[in-house]
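This report walks through one protein model, from its sheet to its overall dimensions. Please keep the sequence and the structure in view while reading.

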Amino acid sequence: MKTRTRLASAGLLLVFLAALAPRAAAVDARTAQKIDEEVEKVRAEIIKIRRFLHMNPELSNREYETAKLAAAKLSSLGFDVKTGVALTGVVGLLRGGQPGATVACRADMDALPIQELTNVPFRSLNPGVMHACGHDIHTSIALGTAMVLNSLKDRVKGNVKFIFQPAEEGAPVDEEGGAALMIKEGVLEDPPVSAIFGLHVWPETAVGQALFSPGEIMASSDWFQITVKGRSAHGARPHEGIDAVVVAAEIVAALQSVVSRALDPADPAVLTIGKIEGGVRSNIIAERVTLEGTVRCLSEANRKKIPQVMESLVKNIAAGFGASTTFDYRPSNPSVYNNPELAQTMLPTLVRVLGRDRVQEFKPQLVAEDFAYYAQRIPGFFFFLGVRTPGQPSAPLHSPAFNPDERSMALGIKVMCHLLLDALEKQSVPAGDGLGF
Ligand SMILES: [Zn+2]
Ligand SMILES: [Zn+2]
């Protein structure tokens, strides 16, 4: 685990932008022009690929056809391709024409159990399954980036590893999967990856824009379950039992004070109880109630403290009523951390490609992304790509009406190409002048 620099959020991007010393553009004008030309050449094919993926969405750890498509495309480009990584994952290595480090571009491939409600002609053919988180766009952008960089590989100073990851949305119960399993199976080794890049579509922001912030930008996501055990009795004779519903209600109310009273208000966190189940009948005192929820944090300090405070509250409240409890708390994704040194090095690239007024600050969100696992191991750079059609409202992520603007893809490919090439270029600068990350 890397030591994290904790960054205050307000106006961070502006502070960062203002602090950037002018650096020589890493990608020269001819290469930049070539990227533009190659993006134009692949644009139609990428839209075709995206529509195929959209019509054929596959659930987490079941991305068989998506993986086949990615592997076939990467093989056709002459990359070294590994399949079956973390079950259905695909890894393709582009070896550049010049020696250098290895950087990675990560895309996720899975869809969600949602029935699509859009009217697009390429809507899902798989009933109850939909690319409602835009992972079809992510996969297509990564493939487009592979195609474009392959066409200028003589100029690539090092290697680019393309990671097509399954199960970002979470593996099915009792299965491993996602970024953590990809890492366990060595995706960041052989050759070792020095920095990793990823993006997520963002429907609140218009096409042509990107959002970014250094430091923690998305939350950790942990799961908990509390069971309250009382004693059953006749509904009209509560004094003969221990009412698990009343105890659970006290616990629900008390847990609201964890974030508001036990944590630094400047360091956001969320505690949500999303499920409550218990009792058997209206006139029977409930013997058992279970509560299930999620905890989201940006900092590891909060992540450590919250379960301790929760457990103590739960135990002591229950004890006050004579009830007993179990407390099951399971950590999942860490928070997504944009390495500040890498951000300082790469942000000029984002600004150069898009224009300064089109790169906005991304306020930390309490949603989660398993890109976090990569960024916990090596420097990571994760940004958000606007996919809203200008002048129109847009449905949010995970909505059955989600319909990102496809024009975002060419821009996503272009930005990703520049980021990866600049990252390699900057690492190839001789030691002393080098911008090591
Ligand atoms: Zn999602
Ligand atoms: Zn997603």
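## The sheet

In this predicted model, 8 strands form an open sheet. Their order is 1-2-4-3-5-16-6-15, and the pairing is mixed. Strand 1 (80–85) and strand 15 (359–361) stand at the edges. Each has a single partner strand, so one side of each is left without a neighbour in the sheet. Neighbouring strands are turned by 25° against each other on average, direction ignored.

Strand 5 (residues 195–206) and strand 16 (residues 380–388) run parallel. They are joined by 8 bridges. One residue pair to look for is Leu 199 and its bridge partner in strand 16, Phe 383.

## Helices across the sheet

Helix 8 (residues 340–354) lies across four strands: strand 5, strand 6 (210–212), strand 15 and strand 16. Helix 8 runs at about 25° to strand 16.

Helix 10 (residues 408–427) lies across strand 3 (98–108), strand 4 (157–165), strand 5 and strand 16. The angle between helix 10 and strand 3 is about 145°. Strand 5 and strand 16 thus appear in the list for helix 8 and again in the list for helix 10.

## Cysteines

How many disulfides does the model hold? The count comes to 0 with a limit of 2.5 Å between cysteine sulfur atoms. A disulfide is a covalent bond between the sulfur atoms of two cysteines.

Why is Cys 105 not bonded to Cys 417? The closest cysteine sulfur to that of Cys 105 is in Cys 417, and at 8.7 Å it is too far for a bond. Cys 417 is likewise in no disulfide, with the sulfur of Cys 105 as the nearest cysteine sulfur. Cys 105 is buried, with a relative accessible area of 1%. Cys 417 also counts as buried, at 0% relative accessibility.

## Overall dimensions

The protein has 10 helices and 16 strands. Its C-alpha atoms fill a box of roughly 85 × 50 × 45 Å along the principal axes. The radius of gyration is 24 Å. A compact globule of 437 residues would have one near 22 Å, so the two values agree.

Of the 437 residues, 53% count as buried. The exposed area is about 18,700 Å², and carbon and sulfur atoms supply 53% of that area. Among contacts between residues at least 6 apart in sequence, 82% join residues at least 24 apart.

Methods: Residues numbered from 1 in each chain as written. Chains lettered and ligands numbered in written order. Predicted model: local features only at pLDDT ≥ 70, side-chain atom pairs only at ≥ 80, totals over all residues. Heavy atoms only, no water. Pairing = 2+ DSSP bridges. Helix = DSSP H or I, 4+ residues; strand = E, 2+ residues; numbered from the N terminus. Axes fitted to C-alpha atoms, helices over the stretch in contact; angles between N-to-C directions. Contact = heavy atoms within 4.5 Å. Buried < 20%, exposed > 50% of the residue type's maximum accessible area, 1.4 Å probe, protein only. Rg over C-alpha atoms; globule rule 2.2 N^0.38 Å. Areas by Shrake-Rupley, 256 points an atom, 1.4 Å probe, with all protein chains shown as cover.
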